[in-house]
Amino acid sequence: MGVAPGSKAKRKAALDAGAWMFNVVTSVGIIMVNKALMATHGFSFATTLTGLHFLTTTLMTSVMKWLGYIQPSYLPLPELVKFVFFANLSIVGMNVSLMWNSVGFYQIAKLCIIPVLCFLEILFDKVRYSRDTKLSIMLVLVGVAVCTVTDVSMNSQGLIAAIIAVWSTALQQHYVHHLQRKYSLGSFNLLGHTAPAQAVSLLIFGPFVDLWLTDKRVDTFDYTMVVTFL
C-alpha cells in the first residue's frame, strides 16, 4: 500500500519544522551558555572553550560514522589546513566578540555576515543579485549602523573583534560552499574531516591564545560544579 503524496509532504514539512526548531533552540542555547560561562562565572577562555565545542562535535561525528550516517570521503590536507584556519579564526572571533560585547550587539554584528558573504560571491563567483535583494542588504547595514552608534556598551576592542569575526565567518562559509562543490562533500562529511583538526589545533593553541587575550591561565581557574556543568 503506497503512501499518499499529501502525507509525504506533511511528513517532510513536520521534519523540516522540527529540524529548524532544533537548530534555533541549540543555537540560542549555546550562546546563552557561553555568555553565562564568560560573563557570570568569569570563564574568559573563549579559544579553549571553542576547542571543547569541537571535541564534542568530533565525538558526535565519530558516532554518526559508526552508525553509517557519514560515508568515507576525501579532502586534501592543504584544503583542510586552509579551512581550519578560517574556521578557527571565525569561531574564536565570535566567542571573543561575545565576551567583549553585549549579547544584543553580538547578534546584530552577526547580521553583517550576510552582506559580506554576498560581496564575496559577487567578487569570486560573479553572482548577480536583484534590486530587491540589494535593498534588503542596505536595510540590514543601516540597522547595524544605528545599533552600533546607539549601543552604550560599545567599545573599540569589541568592535574590532566583531569585524574580525564577521569577515572570517563569511570567508569560512564561502569556502564551505567551494569545498562541497569541488569535492562533492555533504555537510556531515565535511564536518567529519574538519572537526577533529579544529579540536586538536584549538585545544593545543587555545590556552596560549587565551593567556595572551586575558592574562589568565586556564589551568589555574576555579572550576566549581556549576562551571564544570556548563
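## Salt bridges

Let's start at Asp219: with a relative accessibility of 52%, this residue counts as exposed, since the cut-off for that label is over 50%. Keep in mind that we're looking at a predicted model. Asp219 has a partner, too, as its side chain meets that of Arg217 in a salt bridge, at 2.6 Å from N to O. Arg217 comes out as partly exposed, with a relative accessible area of 47%.

How many salt bridges does the structure hold? There are three. Another one joins Lys12 to Asp16, and here the closest N and O atoms are 2.9 Å apart. Both of these residues sit in helix H1, which covers residues 5–40, and they are four residues apart, or about one turn of the helix. That spacing fits a general rule: an α-helix has 3.6 residues a turn, so residues three or four places apart point the same way. Lys12 is exposed at 53% relative accessibility, while Asp16 is partly exposed at 41%.

Then there's the bridge between Glu79 and Lys182, where the closest N and O atoms are 3.4 Å apart. Glu79 belongs to helix H3 and Lys182 to helix H7, so this pair ties together parts that are 103 residues apart in sequence. Glu79 is a buried acid, with just 8% relative accessibility.

## Overall build

Stepping back, the protein chain has nine helices and zero strands. Reading along the sequence gives the pattern α-α-α-α-α-α-α-α-α. Taken along the principal axes, the C-alpha atoms fill a box of roughly 65 × 45 × 40 Å.

Of the 230 residues in the protein chain, 35% are buried. If you take the contacts with a separation of 6 or more, 84% of them come from residues 24 or more positions apart.

## Aromatic pairs

The structure holds nine aromatic pairs. In one of them, the rings of Phe43 and Phe45 have their centres 5.0 Å apart and their planes at 80 degrees, so this counts as edge-to-face. Both Phe43 and Phe45 are buried. They also belong to an aromatic cluster, which they form together with Phe221 and Tyr223.

Phe119 and Trp167 make another of the pairs: their ring centres are 6.3 Å apart and their planes lie at 75 degrees, so this one is edge-to-face as well. What does the pair tie together? Phe119 lies in helix H5 (residues 113–124) and Trp167 in helix H7 (residues 156–183), so the contact links parts that are 48 residues apart in sequence. Neither ring residue is buried: Phe119 is partly exposed at 42% relative accessibility, and Trp167 is partly exposed at 38%.

## Helix H5 and its surroundings

H5 has twelve residues, and from its first C-alpha to its last it reaches 16 Å, close to the 16 Å expected at 1.5 Å a residue. Which residues of H5 are buried? They are Ile113, Pro115, Val116, Leu117, Cys118, Leu120 and Glu121. The cover over these buried residues includes helix H3 (77–100), helix H4 (103–110), helix H6 (131–150) and H7. After H5 comes Lys126, with a positive phi near 55 degrees.

## Cysteines

How many disulfides does a search of the whole structure find? Zero. Cys118 is a handy example, as it is in no disulfide and the nearest cysteine sulfur, that of Cys112, is 12 Å away. For a disulfide, the two sulfur atoms would have to be within 2.5 Å. Both of these cysteines are tucked out of reach of the probe for the most part: Cys118 counts as buried at 11% relative accessibility, and Cys112 counts as buried at 16%.

## A buried threonine in H2

Thr61 lies in helix H2, which spans residues 46–67. Is Thr61 buried or exposed? With a relative accessible area of 3%, Thr61 is buried. Its side chain reaches the backbone oxygen of Thr58 at 2.8 Å. Leaving out residues up to four places away in sequence, Thr61 touches Ile70, Leu191 and Gly192.

Note on methods:
Residues numbered from 1 in each chain as written. Predicted model: local features only at pLDDT ≥ 70, side-chain atom pairs only at ≥ 80, totals over all residues. Heavy atoms only, no water. Phe/Tyr/Trp six-rings, centres within 6.5 Å; stacked < 30°, edge-to-face > 60°. Buried < 20%, exposed > 50% of the residue type's maximum accessible area, 1.4 Å probe, protein only. Helix = DSSP H or I, 4+ residues; strand = E, 2+ residues; numbered from the N terminus. Expected span 1.5 Å × (residues − 1). Contact = heavy atoms within 4.5 Å. Salt bridge = Lys/Arg side-chain N within 4 Å of Asp/Glu carboxyl O. Polar contact = N/O pair within 3.5 Å; in protein donor to acceptor, adjacent residues only side chain to side chain.
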